[in-house]
Amino acid sequence: MRAVLYSSVIALVCSLIGTPLIIRMLVKRGYGQLIRDDGPKNHLTKRGTPTMGGIVIVLSTLIAYGATKLATQHWPSASALLVLFLMTGLGGVGFVDDFIKIYKQRSLGLRAKAKMIGQALVAVVFAILVLHFPDQYGQTPASTSVSFLQDTALVLGPVLFVVWAYFLISGWSNAVNLTDGLDGLATGASAMVFAAYVLIGVWQYGQSCVNAPQAGCYEVRDPLDLAIVAAALMGACFGFLWWNAAPAKIFMGDTGSLALGGALAGLAICSHTELLTVLLGGLFAIITMSVIIQVGYFKISGGKRVFKMAPLQHHFELMGWAEVTIVIRFWIIAGLCVALGIGVFYAGWVTGS
């Protein structure tokens with residue numbers, strides 16, 4: 001269990017120290033955030049704030065995981081490497097998007113089609129690989145069953161699983177991206193969800209069918225290593241939040257939001273808790289639904305709106321709420337969703353065993 005602690009602390013330190021270094025580098029190169037003119041007017045004061053800070057989160061996570069493996073003298077697992085691949089791959093797509101925004105001095109980066117293709121390529125490669133690499137017990141990083149607290153009886157088969165995995169990866173990466181609109185909002189909420197996956201991974205390891213074969217045990221490959229990855233992500237987010245909290249000195253950009261959403265989806269798939277993530281990441285789901293509702297109602301009503309602006313956090317901004325107030329209250333919602341998810345996960349173990 002020391003590995004989980006090592007991973008979180010190393011990532012925290014790397015992120016705390018690395019973020020101001022990246023800030024200075026980005027400021028020197030003039031890589032500042034561009035603000036949409038049709039957004040909340042108070043956001044115009046954020047123009048020029050360094051962006052692409054997600055680089056720090058991704059690198060801190062990779063360094064922390066690698067250093068932990070060296071310190072404990074254990075080989076990396078297939079499950080952890082695949083989640084890290086998914087995080088880094090989507091972070092790369094986000095980096096290209098952010099760079100185009102800065103280079104071409106426009107608030108929109110990659111075209112929607114190009115961005116979707118990039119996400120799809122990374123997601124499909126992950127979905128195919130995650131069904132391979134069985135361990136000595138025959139367990140692969142993922143299964144073709146739809147999962148909630150564990151695998152359910154609904155088996156998709158390899159082809160439908162790839163489609164399902166793409167849906168999850170695209171959905172969660174875009175959900176975190178939509179949430180990343182206020183200082184510290186997505187970073188703090190992500191840290192809470194990854195903390196939950198630390199607990200889930202540690203619990204699954206202790207109650208795995210390999211370590212404790214009994215009724216209701218978890219058939220998850222490498223649960224402790226997934227907890228180490230989640231701990232690194234959690235530490236990296238907390239370190240970055242020190243500089244990203246209002247007033248933000250740096251934004252994570254699409255580099256960070258797509259990477260974090262991908263990591264969340266990867267952990268859900270590899271820990272066999274795909275549907276549970278709707279509870280754990282409830283804030284992300286709520287904000288995404290606000291966009292779906294807004295767009296859908298706008299189209300069917302001929303131009304009417306449910307919210308003053310979507311995503312939901314901007315609706316409250318236009319209602320006059322202070323940005324810090326919105327962030328703190330949304331963090332509370334995120335924390336309640338995580339607590340509910342963990343409660344349901346534990347209740348499932350108690351009733352199932």
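# Loops, core and a buried serine

Visitor: Where does aspartate 222 lie?
Guide: This is a predicted model, where local features need pLDDT of at least 70, side-chain atom pairs count only at pLDDT 80 or more, and totals for chains, interfaces and linings use all residues. Residues are numbered from 1 along each chain as its sequence is written, and side-chain values use heavy atoms, without hydrogens and water. Helices (H or I, at least four residues) and strands (E, at least two) are DSSP runs, numbered from the N terminus. Aspartate 222 sits in the loop between helix H6 (185-206) and H7.

Visitor: What is the phi of aspartate 222?
Guide: Aspartate 222 is not a glycine. Still, its phi is positive, at about 60°.

Visitor: Is histidine 272 buried or exposed?
Guide: Histidine 272 lies in the loop between H8 and helix H9 (277-280). Buried means under 20% relative accessible area, exposed over 50%, partly exposed in between (1.4 Å probe, protein chains only). Histidine 272 has 6%, so it is buried.

Visitor: Which helix gives the most to the largest nonpolar core?
Guide: A nonpolar core is a set of buried Ala, Val, Leu, Ile, Met, Phe, Trp, Tyr and Cys residues joined through side-chain atoms within 4.5 Å. The largest has 91 residues, and Phe194 and Tyr197 touch the most other members. The top contributor, with 13 residues, is helix H7 (residues 223-244).

Visitor: In which loop is the proline that follows alanine 246 through a cis peptide bond?
Guide: The cis bond runs from alanine 246 to proline 247, with omega near -10°. Proline 247 is in the loop between H7 and helix H8 (253-270).
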